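Reader: I have some labels to check against their definitions. Show me the model first.

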Amino acid sequence: MDGNISGEESDSIDWNTDDELETQNLPPSSSSTLIIPGGEASIASGEASSSTGPSNSKLINHFMGMGFSEKMVVKAIEQDGEGNTDSILEYLLTYSALENCPQELENSPQAEPQVVSDNCSSDYDESFLDDFSDTDSCHENQENINSLSDKEKKLLFLADMGYTVEEASIAMDRCGPDSSVVELTDFISAAQISKAADADLGELSDEEKPRPKHLYKDYNKQKKRKFLDYRLWERKKQRGYEKKLRNEDDEPIRLPNPMVGFGVPAEPCPVFHRTLPEAAVGPPYFYYENVALAPKGVWSTISRFLYDVEPEFVDSKYFCATARKRGYIHNLPIQNRFPLLPLPPLTIYEALPLTRKWWPSWDTRTKLNCIQTCVGSAKLTDRIRKALEEWDGVPPMSVQKYVLDECRKWNLVWVGRNKLAPLEPDEVEMLLGFPRNHTRGGGISRTDRYKSLGNSFQVDTVAYHFSVLKDMFPGGITLLSLFSGIGGAEIALHRLGIPLKNVVAVEISETNRNILRSWWEQTNQRGTLVDIADVQQLNGDRLEQLIHTFGGFDLIVGGSPCNNLAGSNRVSRDGLEGKESALFYDYFRILDLVKCIMGRNQ
């Protein structure tokens, strides 16, 4: 979501995406051109991209550049052909992992590595186990092993790879008994993302180091994994590779139209019923948010990691005067929801009544577009003014189209005759449901205000989903707020009248932490607020301490960065393998740790 604050035409932003278009059913325009008085042309055009299949030599050089030997690359291409680069990379990574096995395997016969594909069937599991059946000297009685059930074979195999029996059992419970070994190892690896940060504890003295009693009782044993260990997962991420956890033939999750989720206020919709997977049933309750229009396969992967819970896709235009298409995965009840009162304005005229005087009849917008972290520049609005002043009456269609394209792109509103301006920060606060001046003061710049607001929740939408918690927690709630930003979840709960007993807010931005702390103090919250700077530093030891202190968490909320998912980012829209958006796996890691620790303590 982060972008240039200046509204000058930026080649790093692709505005021709559904998420950035006006909420009415208008066709996207690929280009618009207007000759401005003085000969200056303003052009915004979509980029055409093309790609051709690499030759064999280019493909070899590509993988050799990653550090693989030419011999290994050639062998992988012979095995899989040139067309499937993901399969080739998986082959190379797996083969490398085998070469780096512990010392006791050096003298044992190595079977040729089984190439991992996205079709993880039971037949694959059998061949995978067969291929590695003689790689460990502890398998002395092969006849007894063959007599085991499929589940027992997988548990034994995972234990031989260095996992604890508890880890393997949890993975089997989460992924199901029919899951492949690759899915199970990927599941456990996801839970270990950022676990390497625990090594930093080595700088502490023995007395200062926390002594965990949590799930991972023997961290050294984890580091002895023989195949597909955490380092392999990390290498995949570093090279821009994301392991797909669904079959290629599976249908991707489709976005609904209209985007009303399991219902919105004042809109007729059928009564929804859903049955949650057993692993997802709360408490604790969890709530995850991100952009709806993510790259293909992203929501399928997110859903798979979050216990196969179906996403709820909602456009905030049904709650306020601005669009905000988001997906939410949660295990909250969906019946008996209610909206925040008073209801917020639903149209531009209601939200910004002073604009009505200057609003031309040919600008038919009633809703604003999705609010971004960047705003239009003074040069842009001055160019538009000069273009309109050339005409006494209604401008020609070409000028209208140019102006409306820029208005939708930058959420410009009319503030005078032929005069447009971007939204002010306090107007954005109102549209997103935050208190007036929530992001103002304390040395916070306008740039930081726009950035913080552009990355926030829409409070009315989130509060509608949280409203079911009011009767469930009359005495107050203990919240773990990951990527807490400027406190959208906290404000939603507060406005619903749910007391905040304890809040652990994890947020990397010091500016955002200061905004939340200031709101907490100004609203005279009686609970305890704990600030943590980085989700990657929130490990099992710290979670164990917090759960012991507060008695557990009632709700775990998070909206990990959408930088590599949003349609406005055409430079690094890399999906969940992108640097920022890969932090989703930390949300899952922390959620799963909390569920395991709380489950064990019950």
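Author: What follows takes a helix pair and then a sheet; the model is predicted.

Reader: Why are H11 and H21 called roughly parallel to each other?

Author: Helix H11 (residues 298–305) and helix H21 (residues 584–601) pack at an angle of about 15 degrees. Angles under 35 degrees count as roughly parallel. H11 and H21 are therefore roughly parallel to each other. Their axes are 10 Å apart.

Reader: What is the handedness of the crossing where H11 passes H21?

Author: The crossing is right-handed.

Reader: Which residues make the contact?

Author: H11 brings Thr-301, Ile-302 and Phe-305. H21 brings Phe-584, Tyr-585 and Phe-588.

Reader: How do the residues of the contact of H11 with H21 divide into nonpolar, polar and charged?

Author: Five are nonpolar, one is polar and none is charged. Ile, Phe and Tyr count as nonpolar. Thr is not on the nonpolar or charged list, so Thr counts as polar.

Reader: Now the sheet. What makes strands E4 and E10 edges?

Author: The sheet is open, with seven strands in the order E4-E5-E3-E11-E8-E9-E10. E4 (312–315) and E10 (528–532) each have a single partner strand, so one side of each is left without a neighbour in the sheet. From one strand to the next, the twist averages 20 degrees. The pairing is mixed.

Reader: How do you know that E3 and E5 pair?

Author: Pairing needs at least two bridges. Strand E3 (residues 285–291) and strand E5 (residues 325–330) have five bridges, so they pair, in the antiparallel sense. Tyr-287 has His-330 in E5 as its bridge partner.

Definitions and conventions
Residues numbered from 1 in each chain as written. Predicted model: local features only at pLDDT ≥ 70, side-chain atom pairs only at ≥ 80, totals over all residues. Heavy atoms only, no water. Helix = DSSP H or I, 4+ residues; strand = E, 2+ residues; numbered from the N terminus. Axes fitted to C-alpha atoms, helices over the stretch in contact; angles between N-to-C directions. Parallel < 35°, antiparallel > 145°, perpendicular 65-115°, else oblique. Left-handed = near helix turned anticlockwise from the far one by under 90°. Contact = heavy atoms within 4.5 Å.
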